[in-house]
Amino acid sequence: MAAAERCLQRLRTDYIDLFLYNLARRGIELDLLPWCGAHGVVPMAYSPLEQGRLDWGGALGEAATAVGATPRQVALAWTLRLPRIVSVVKSANEDHVQENSAALSLRLPDPVLGLLDRAYPAPNAPVPLESL
Ligand SMILES: NC(=O)c1ccc[n+]([C@@H]2O[C@H](COP(=O)([O-])OP(=O)(O)OC[C@H]3O[C@@H](n4cnc5c(N)ncnc54)[C@H](OP(=O)(O)O)[C@@H]3O)[C@@H](O)[C@H]2O)c1
């Protein structure tokens, strides 16, 4: 409970809500994320690695090479690129936890964000809320 309280204080909010959000699931960007911003709700992105099923080569591999990180770090940093968002990744592997935590300080430059946008386009029409 104390950790949860600290989290809420740091984020300056009383409200956090969980949404499925990762490169392959961008549906909430069109209306839900703006609504959260307007109403003081901090979104928590769950399954930010799409439960491990993202394509770790391709655009993610290219982006990872460009920023000197791993594809999974790029996928996590991408969910954290927004100003007020939490990303909840699961791992039972200590090496993976270390790898994932380094994504907290990874900033993706605009050309890399553009590369990812082309491979994983943002929605241009409403999308039903997805879940896993
Ligand atoms: N509220 C909801 O409706 C809801 C729904 C779904 C999930 N969630 C929560 O969201 C959290 C995360 O979601 P998730 O578990 O569905 O998916 P996820 O975090 O996207 O993916 C987890 C998978 O990725 C692997 N992984 C993590 N880091 C890795 C790394 N650095 N290298 C290689 N593999 C890596 C994990 O395996 P290893 O253990 O081997 O690292 C695991 O198989 C969970 O705590 C879950 O409870 C909430």
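Start with one pair of residues: I16 sits opposite V42 of strand β2. On the way from β1 to β2 the chain passes through helix α2 (residues 32–38), and this β-α-β crossover is right-handed. Keep in mind that this is a predicted model. From here, we can look at the strands, then the ligand, then the nonpolar cores.

**Strands**
- β1 (residues 15–20) pairs with β2 (residues 41–46) in the parallel sense, over 6 bridges.
- β2 also runs parallel to β3 (residues 86–88), and 3 bridges join the two.
- One spot to look for here is A45, whose bridge partner in β3 is S87.

**Around the ligand**
- The ligand has 20 residues around it, and the closest are Y46, L49, K90, S91 and H96.
- Helix α5 (residues 94–101) gives the largest share of this shell, with 3 residues.
- Sorted by class, the shell holds 8 nonpolar, 8 polar and 4 charged residues.

**Nonpolar cores**
- In soluble globular proteins, nonpolar side chains tend to be buried together.
- Here, the largest nonpolar core counts 16 residues, and L60, A63, V74, A75, A77 and W78 have the most contacts inside it.
- Helices α3 (58–67), α4 (71–79) and α6 (110–119) each bring at least two residues to this core, and α4 gives the most, with 5 residues.
- Setting aside neighbours within four places in sequence, A77 is in contact with A103, L106 and L108.
- Apart from the largest core lies another one of 5 residues, including Y21, I28, A45 and I85.
- So A45 turns up twice: as the bridge partner of S87 and as a member of this other core.

Note on methods: Residues are numbered from 1 along each chain as its sequence is written. This is a predicted model: local features need pLDDT of at least 70, side-chain atom pairs count only at pLDDT 80 or more; totals for chains, interfaces and linings use all residues. Two strands pair if DSSP finds at least two bridges between them. Helices (H or I, at least four residues) and strands (E, at least two) are DSSP runs, numbered from the N terminus. A crossover is right-handed if, with the strands pointing away from the viewer, the path from the first strand over the helix to the second runs clockwise. A residue is near a molecule or strand if its C-beta atom, placed from the backbone, lies within 6 Å of it. Ala, Val, Leu, Ile, Met, Phe, Trp, Tyr, Cys and Pro count as nonpolar, Asp, Glu, Lys and Arg as charged, and the others, Gly among them, as polar. A nonpolar core is a set of buried Ala, Val, Leu, Ile, Met, Phe, Trp, Tyr and Cys residues joined through C-beta atoms within 7 Å. A residue is buried if 20 or more other C-beta atoms lie within 10 Å of its own, exposed if 12 or fewer, and partly exposed in between; C-beta atoms are placed from the backbone. Two residues are in contact if their C-beta atoms, placed from the backbone, lie within 7 Å.
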